[in-house]
Amino acid sequence: MFNKLKVFTGNSNPALAEEICHYLHLPLSQAVVRRFSDGEILVEIGENVRGSDVFVIQSTCPPVNDHLMELLIMIDAFRRASARRITAVIPYYGYARQDRKVAPRAPISAKLVADLITTAGAGRVLCMDLHAGQIGGFFNIPVDHLFATPVILDYLRTQLRGEAVIVSPDAGGVERARAIAKRLSAGLAIIDKRREKANVAQAMNIIGEVDGKMTVILDDMIDTAGTLTEAARALIDHGAKEVWACSSHAVLSGPAVTRIKESSITRVVTTNTVPMREEAKNTGKISSLSVAQILGEAIRRIHMEDSVSSLFV
């Protein structure tokens, strides 16, 4: 069925790659990614890939630069080994927040990373929940942009109790929150957030009714959890009965885990696009859902030249 389909992974998220291969009923292909004594990355492909349809699964999560370089070097190795097509499967796309010029002399790093991946030799990109949809347009190759929404929706349908309100932590996430609220027949609220500097956020006003209701903050990623905990505090101050949070990517850098542990948030629901640290697992507040089936089905359809559009939910 899967003639010449091979799935490889680097060191960023091997557990997710194994789950995807289990869904596809394929063994994970052999590749070793290690380092020289000075830190340089060495990639060794352990099997023939000539004429193969190669999928490289690699989240560019922390340490972002290391995992990005692993991805680029792996793609280059497959290109030089005469792979027929190379698809970069990037569940979490690092540098996505720098997607436009917000100040004079600032870089657009998301575009730079797109150029690097294309130049390395990728012929296609498969990614999930980009920070901004326009990043897909930064590539001059086909991009399939999937969403973790179906997995999160299925979970919320079975877990939510009583009248719920979906909350967008900023104006940029309103469209995402509205779509989830519509599917759950829930209310919608928006937090007016004012950011003083990078990774520091202050929640101000709440637009919508949350008094006495169960609230679910919906965001694409949780990094330092500053936005999340400020939003939760504002919701509780406005009478919310309970606060949950949902996010596709749990980066959880810096003080994030401590902030979540000490916050009024009851539960954080995320996915395994970024592997969860033991410290996060031990909080008892953070649950991780698997997106392996969505990514595995997309890989199957791309390889079989079937339509992927039905997965763009």
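Helices are here DSSP runs of at least four residues, numbered from the N terminus, and the description below refers to a predicted model. Just after helix 6, Gly239 adopts a positive phi of about 95 degrees. Helix 6 itself comprises residues 226-237, and its 12 residues extend over 17 Å from the first C-alpha to the last, which is close to the 16 Å expected at 1.5 Å a residue. Within helix 6, the buried residues are Gly226, Thr227, Leu228, Thr229, Ala231, Ala232, Ala234 and Leu235. In an α-helix there are 3.6 residues a turn, so residues three or four places apart point the same way.

Aromatic contacts were also examined, and the structure contains 2 aromatic pairs. Phe8 and Phe78 have ring centres 4.5 Å apart and ring planes at 50 degrees, so this pair is tilted. The pair connects distant parts of the chain, since Phe8 belongs to strand 1 (residues 5-9) while Phe78 belongs to helix 2 (residues 64-80), with the two positions 70 residues apart in numbering. Phe8 and Phe78 are both buried.

For Tyr93 and Phe139, the ring centres are 6.1 Å apart and the planes stand at 70 degrees; because planes over 60 degrees apart count as edge-to-face, the pair is assigned to that class. Tyr93 is located in the loop between strand 5 (85-90) and helix 3 (109-120), and Phe139 in the loop between strand 6 (124-128) and strand 7 (143-146), so that the pair ties together parts of the chain that are 46 residues apart in sequence. Tyr93 and Phe139 are likewise buried.

Methods. Residues are numbered from 1 along each chain as its sequence is written. This is a predicted model: local features need pLDDT of at least 70, side-chain atom pairs count only at pLDDT 80 or more; totals for chains, interfaces and linings use all residues. Side-chain values use heavy atoms; hydrogens and water are left out. The expected span of a helix is 1.5 Å times one less than its number of residues. Buried means under 20% relative accessible area, exposed over 50%, partly exposed in between (1.4 Å probe, protein chains only). Rings of Phe, Tyr and Trp (its six-membered ring) pair if their centres lie within 6.5 Å; planes under 30 degrees apart count as stacked, over 60 as edge-to-face and the rest as tilted.
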